[in-house]
Number of protein chains: 2
Amino acid sequence: MGIGRHDLLTIGQLAERSGLATSALRYYEKLGLIHADRTTGNQRRFARSTLRRVAFVRAAQQVGLSLEEVRTALDRLPHDRAPSHQEWNAVAIAWQRRIDRQIAELELMKRKLTGCIGCGCLSLTRCALYNAEDRAAQAGPGARYLLTRDPASGPEPLPSAE
Amino acid sequence: MGIGRHDLLTIGQLAERSGLATSALRYYEKLGLIHADRTTGNQRRFARSTLRRVAFVRAAQQVGLSLEEVRTALDRLPHDRAPSHQEWNAVAIAWQRRIDRQIAELELMKRKLTGCIGCGCLSLTRCALYNAEDRAAQAGPGARYLLTRDPASGPEPLPSAE
DNA sequence: GTGCAACTTGAAGTCGACTTCAAGTCAAGC
DNA sequence: GCTTGACTTGAAGTCGACTTCAAGTTGCAC
């Protein structure tokens, strides 16, 4: 089980195995999300571990991160070899926290909607969904935290029949 | 409590109360997401119920819908008056299902990651995160369902120590 | 050693979701 | 009735995340 040339992937192979276009991979490389060594003829050769990084990038985008944010997150991992168990765990755990936050946000949104369904949502003065936005405006121009918890006030009371 | 001119909002008022820029609201109107009547002098006047629609649009974007998708969803609501309880409920419930799907997807992603942390994730042949992507590639070029359940196979087994 | 698919680069194009600009019109308080 | 801030339009600009293009180079199977 020596280290043969199968340990390095051409950009075409990486594209095929990751499901991404080669143009996207070149773009990711330019952004510093992935790294490639070069052959003497200047062609890219990717380490196999790049597949994991790419999977990570796609997953992160799914959760709503920009590529810039992903880059920051991935900076904790070595760019040219497989990460150690420890390195990977650190990133994975941070990552789980991010997912948890996202889930919490969605659940908050859902709860608000549940309140709207059950209660007099049609009354504009009581609809939590509506009010969430309306209060956002009070916070000043450009306030755009949407249905997120209002940073300026404690946890929101659930909307209820009254 | 008669119907006075306070029942209509100028674009500036709508912007202030929704937290969006007037340019965004004009853009939404162009896309058919919201509707405005016009004064004799051609200025927009929005019904108060537009605030709810706008809140909805922002919430939908948060969950990852494009404005085009939002438009389709909102087409079930009347554009120029407050929706009836029934109309609103129908949309809200469909909406909750969408949120549930999104949450389920995130939880799947998290479970995969949990497996990665506990197990030999560094083995490329066993990492669920990695394999999810890799299998996507097998499905043909352009397959991009990311960490979603593979449509071609049943529910995925959880990654485990073995 | 040659042929051809796969690679290289930089520049330009695209798409969604807006924002900014310019030049002009409206509404309402004094 | 005038002033001034809020409004109107269409066109162009921006940003992130890519894709497409053109023109040239490399790697490898035969």
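**Exercise 1.** How do the residues of the surface near DNA strand D divide into nonpolar, polar and charged?

*Solution.* Keep in mind that this is a predicted model. Start with who is there: 21 residues sit around DNA strand D, and Ser23(A), Thr39(A), Gln61(A), Thr10(B) and Arg44(B) come nearest. Now sort the residues by class: you get 6 nonpolar, 10 polar and 5 charged.

**Exercise 2.** Find which part of DNA strand D faces the protein, and pick out some contacts in chain A.

*Solution.* First, look at the strand's atoms within 4 Å of the protein: 85% belong to sugar or phosphate, and the rest to bases. Next, zoom in on phosphate oxygens of DNA strand D. One is 2.5 Å from an N or O atom in the Ser23(A) side chain. For Tyr28(A), the distance from a side-chain N or O atom to a phosphate oxygen is 3.0 Å. With Ala24(A), a polar backbone atom is involved instead, at 3.2 Å. Finally, check the helices: H2(A) gives the most to this surface, with 4 residues.

**Exercise 3.** Turn to DNA strand C and work out which helices supply two or more residues to the surface near this strand.

*Solution.* Begin with phosphate contacts. A polar backbone atom of Gly12(A) lies 2.9 Å from a phosphate oxygen of DNA strand C. From chain B, the Gln61(B) side chain has an N or O atom 2.7 Å from a phosphate oxygen. Then gather the elements: helix H1 (11-18) of chain A, plus helix H2 (22-31) and helix H3 (49-62) of chain B. H2(B) brings the largest share, 4 residues.

Methods
Residues are numbered from 1 along each chain as its sequence is written. Chains are lettered from A and ligands numbered from 1 in the order in which they are written. This is a predicted model: local features need pLDDT of at least 70, side-chain atom pairs count only at pLDDT 80 or more; totals for chains, interfaces and linings use all residues. Side-chain values use heavy atoms; hydrogens and water are left out. A residue is near a molecule or strand if one of its heavy atoms lies within 4 Å of it. A polar contact is a pair of N or O atoms within 3.5 Å; within protein, one must be able to donate a hydrogen and the other to accept it, and residues adjacent in sequence count only if both atoms are side-chain atoms. Ala, Val, Leu, Ile, Met, Phe, Trp, Tyr, Cys and Pro count as nonpolar, Asp, Glu, Lys and Arg as charged, and the others, Gly among them, as polar.
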